Structures are given as structure tokens and as C-alpha cells.
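Q: Please go through the terms used for this model and say what each one rests on.

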Amino acid sequence: MHYCGSQENKNDIPNLLVWDIWFDKKGLLWIASDVFEFVSYDTKNKKFTYYDWPGFAREKLQFANAGNYNSIQKFVAKGDQEFLLGTSKGLVSLQTETGEFTFLGGSIMQMNDIKYDPGSQRVFLSVQNGQVFSYDEETKEYVELKPDAEAYPSIEYKMLSPTEIWMASEKDY
């Protein structure tokens, strides 16, 4: 067991309320469990690695965004050692090698979806109130987007451009 935080006597899933889950190419299962640690589970060695999201949120985000609900709701890998986390506080980066979290922008929200486009070096987030946001890694700008509405219900899936990104949303876009 490896822990990037203060507790060291655990070897199980932090919480049964799981917001997001994903297997990487190395066979690690990554889990975002409500307000608890971000974890990976090595299926071969039956070992959890914990990343101290609650400690980071408590210490670094207490003044950035009001409210006590600190949850990782969606995540996407950005390479082998970095994750982009869609949280109830906004967009956060995690370097898994060091366990270091970095707040990138945003405010209190409930995440629907998160996508990363390596070509444009942009992160896209859709949230429950229907808003869509983008974070540009080069300029470090976090902005709201106004996507074009689509017909609802959708009856076909058309890629109009190879650079399109489709995301889950509560609105008709």
C-alpha cells in the first residue's frame, strides 16, 4: 500500500459512492470516490495508492471557493502521470508521481463530463446547470463557452469536423 497523505492503515476503496472509474493501459483501476481520496488500485498486486484530495481541498481551496463539499466527480488522464480532475470546486491537476494537486480554475459546480484535447492543449468541462467551460493550458485561461444547440432528441451522430469534442450535457448541445 502506498499513501500520498497522512493516513497509512488503509487498503480498500475510500467510499462506496463512486463518481468516476477508469482502467489505464498498465492495468491500474482509477477511482474517484465522493469526498474521499483519489485512488488507484493495482489489480495484480491487490494494492491501493491514495492521493490526498481531502487534505488539498481543505488546505488550499478553503478560501478560493466557498462551501464545504469537496468532491472529485469526473477525471481524465493527461498522459501517464497526470490527471485532470473535474471537482465540485473547479478544475484541478494531479501529478501522480509526486501526489501534487494544483487548482487550475473554475468555481463551485457539479460536473457532467470532462474531456482533454491534446492537440489544442485544452480541457473541456460540462456542468449540471448546462454551462460548458474550457481551460487553455498555454494561456492558463478558464472561460465559459457558448456551444451551438443541437436537435433533441438526437437521432444520429455526425462528426462535422475531426476536431469536434462531444460531451455529456443537460442542455441541447
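Q: What makes S6, S7, S8 and S9 an open sheet, and which are the edge strands?
A: The four strands lie in the order S6-S7-S8-S9 with antiparallel pairing. Strands are DSSP runs of E, at least two residues, numbered from the N terminus, and two of them pair if DSSP finds at least two bridges between them. S6 and S9 (100–105) each pair on one side only, so they are the edge strands.

The model is predicted: local features need pLDDT of at least 70, side-chain atom pairs count only at pLDDT 80 or more, and totals for chains, interfaces and linings use all residues. Residues are numbered from 1 along each chain as its sequence is written, and side-chain values use heavy atoms, leaving out hydrogens and water.

Q: How do you know that S7 and S8 pair?
A: Six bridges join S7 (residues 82–87) to S8 (residues 90–95), and the criterion is at least two, so they pair. Glu 82 stands opposite Gln 95 in S8.

Q: Why is the pair of Phe 38 and Phe 75 called edge-to-face?
A: Ring centres must lie within 6.5 Å, with planes under 30 degrees apart counting as stacked, over 60 as edge-to-face and the rest as tilted. Here the centres are 5.0 Å apart and the planes at 80°, so the pair is edge-to-face. Phe 38 in S4 and Phe 75 in S6 are 37 residues apart.

Q: Why is Phe 38 called buried?
A: Buried means under 20% relative accessible area, exposed over 50%, partly exposed in between (1.4 Å probe, protein chains only). Phe 38 has 0%, so it counts as buried. Phe 75, at 6%, is buried too.

Key: Phe/Tyr/Trp six-rings, centres within 6.5 Å; stacked < 30°, edge-to-face > 60°.
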